[in-house]
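Take a look at the aromatic rings in this model. The walk below goes from charges over rings to rings paired with rings.

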Amino acid sequence: MKKNILYIGVALVIGLLAGWLLFGNSPSSDINTTAEAHNHSEETTNQMWTCSMHPQIMQPEPGDCPICGMDLIPAESGADGLNANEIKMTDNAMALANIQTSLVGKGQMGNNSLKLSGKIKANEESNAVQVTYFGGRIEKLYVNSTGERVGAGQRLATIYSPELVAAQQELLTTAALKESQPALYKAVRNKLKLWKLSEKQINAIETAGKVQENFPVFATVSGTVTMKMVEEGDYLKQGQPLYKIANLNTVWAEFDAYENQIASLKEGQTIKVTTNAYRNEVFDAKVSFIDPLLNSATRTVVVRAVLQNKKDLFKPGMFVEGIIEGTQTSTENTVSVPSTAVMWTGERSVVYVKTNPNEAIFEMREVLLGNATGDSYTILEGLKNGDEVVTNGTFTVDAAAQLQGKKSMMNASGGKTMTGHEGHLGMQEDSSGENVDKTNHSQMKERIAVSNKFQNQLKQVFDDYILLKDALVNDDAKGAQHAGKQINQSLKKVDMKLLSDEEAHNHWMTIQKELKTSANAIENSSDIVTQRGHFKHLSAHMISSVQLFGVNENVYIQFCPMADDNKGAYWISLEKEVRNPYYGEAMLTCGEVKATLQ
């Protein structure tokens with residue numbers, strides 16, 4: 001027994017000695033072990049996790065898919081050699097979105113001009129209000145509608161005036177006493193002149209020797225009636241207005257200029273004015289006024305030019321565009337990009353730079369904007385000559401970045417993008433863990449093949465959306481309510497069973513829920529401000545559905561940077577020309593086309 005214990009003890013000592021010789025005395029083993037642990041830790045830190053059935057899910061830690069509950073798997077994107085905020089797009093996605101790039105500082109990247117949008121207004125300096133200079137009852141109106149032209153001295157109305165009848169009787173009485181009481185006679189005549197009766201009219205009353213009951217009112221100015229303010233039979237007080245009359249021989253072209261354009265403007269500049277009514281004509285004018293006050297709601301100032309209008313070409317309310325040439329004083333060391341390259345959230349301006357010349361790899365970069373000149377922006381910081389930026393399809397590249405949890409226009413820090421089942425598509429968690437809606441457009445993806453029948457059903461929803469958009473453009477809250485109701489009715493007719501593909505089914509299930517929620521809110525509200533708030537959310541998911549499934553029609557994705565308290569908002573339009581549903585008549589042309597979907 002003692003012998004066996006001795007053998008075991010000897011073996012143990014030999015084993016410990018061998019272990020020390022092999023491992024304990026090797027400093028390189030400690031280094032290798034430490035390096036391996038460090039590499040493993042770094043690999044774990046950079047590893048992203050996704051779902052095999054829902055690749056739009058991208059999380060920095062393992063767990064369950066929030067859509068289907070399956071275990072997340074390591075994302076393959078971690079092994080493609082990309083930097084943390086780079087994204088790579090497939091050739092199919094590049095072709096589908098028609099993504100194009102341009103080199104900064106090479107080729108035509110804009111022109112040396114400033115483009116403004118505006119409206120024709122009546123020249124307020126030539127406006128007049130036609131009033132009656134004596135009280136009474138209107139017996140006859142001779143100008144009965146707006147738009148009629150009148151000339152100075154033209155009879156506008158006939159009025160019965162008891163006080164004028166009394167004044168005429170005084171005239172006839174004092175006329176007999178004018179030799180003995182000339183001062184009294186002259187005072188009565190002057191009283192009638194204050195009521196705008198001419199010497200000829202006064203002499204005619206005196207010659208006839210009888211009182212005239214009904215007196216005509218004559219126009220004191222020439223122009224076009226812009227407002228009729230009375231009807232036959234109305235009783236008027238002295239000085240009460242009858243018509244508003246505008247002399248349209250000259251009109252104002254009033255343009256909106258943004259803050260970053262003010263430095264390029266000065267009075268006396270030549271501005272070339274064009275309008276859709278006369279597409280082949282350009283009208284020259286001079287900047288005559290720059291508003292010293294900034295509109296805090298729209299962040300714009302009014303720039304005015306006076307246009308000659310003797311041929312009556314310009315009508316008040318007509319939309320016009322103005323181009324001021326030579327607004328950029330120096331082009332040396334200037335970096336400029338087309339406006340289509342820039343995405344503006346209201347707080348940040350971003351572009352997408354192609355980081356690999358041989359592959360479709362892009363990275364978001366924040367830039368500091370200078371003046372907007374023509375169809376381009378001057379870049380003060382963030383780009384240098386030689387950088388390659390996305391100039392067409394920027395919207396789609398940004399959506400791809402959102403999908404992969406990379407930095408994007410509305411998500412400056414990157415991170416996990418929620419699916420929409422948590423409440424809203426495009427939601428992310430803030431530092432407190434709360435769900436926060438960070439996007440003002442939904443996630444756009446490569447087109448999913450669906451049946452023609454499903455597309456036709458979706459097209460009806462889309463058509464109702466356009467009706468809603470048009471109602472908001474026209475400031476028509478009642479029409480918006482009706483369109484919201486129609487969207488809900490059309491959503492009920494979309495057959496989800498037509499989507500056999502699981503990915504398509506899951507996407508539509510989420511989108512349909514969000515569309516219904518927004519449409520219900522619009523239908524149940526008569527306040528247009530509230531409707532426009534819900535329209536932003538509705539548009540985000542409508543854009544997503546058109547991008548995913550298509551509606552067999554070319555549409556334009558348009559963006560207003562000042563909507564939603566300068567957070568910015570998107571919408572879809574069938575026309576390239578911007579008609580803003582978030583502001584309507586107040587700022588109809590604010591915005592630009594960001595993408596075209598086919």
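Over the face of which ring does R579 lie? The ring is that of F319, and R579 sits 4.4 Å from its centre. Keep in mind that this is a predicted model. A second arginine, R304, lies over the face of W252. Here the distance to the ring centre is 3.8 Å.

Now turn to rings that meet other rings. The structure holds ten aromatic pairs. One of them joins Y465 and F535. Their ring centres are 5.3 Å apart, and the planes meet at 15 degrees. Planes under 30 degrees apart count as stacked, so this pair is stacked. The pair links distant parts of the chain. Y465 belongs to helix 8, residues 452-473. F535 belongs to helix 11, residues 528-549. The two residues are 70 residues apart.

Are these two partners buried or exposed? Y465 has 0% relative accessibility, so it counts as buried. F535 is buried too, with a relative accessible area of 0%.

F535 also forms an aromatic pair with Y582. This one is tilted, with 55 degrees between the planes and 5.5 Å from centre to centre. Again, distant parts of the chain are linked. F535 is in helix 11, while Y582 lies in the loop between strand 29 (569-573) and strand 30 (592-597). The separation is 47 residues. Y582 has 10% relative accessibility; because buried means under 20%, Y582 counts as buried.

Finally, step back to the cluster. Ring pairs link Y465, F535 and Y582 with F462 and W571.

Terms used: Residues are numbered from 1 along each chain as its sequence is written. This is a predicted model: local features need pLDDT of at least 70, side-chain atom pairs count only at pLDDT 80 or more; totals for chains, interfaces and linings use all residues. Side-chain values use heavy atoms; hydrogens and water are left out. Rings of Phe, Tyr and Trp (its six-membered ring) pair if their centres lie within 6.5 Å; planes under 30 degrees apart count as stacked, over 60 as edge-to-face and the rest as tilted. Helices (H or I, at least four residues) and strands (E, at least two) are DSSP runs, numbered from the N terminus. Buried means under 20% relative accessible area, exposed over 50%, partly exposed in between (1.4 Å probe, protein chains only). A charge sits over a ring if NZ of Lys or CZ of Arg is within 6 Å of the ring centre and within 35 degrees of the ring normal.
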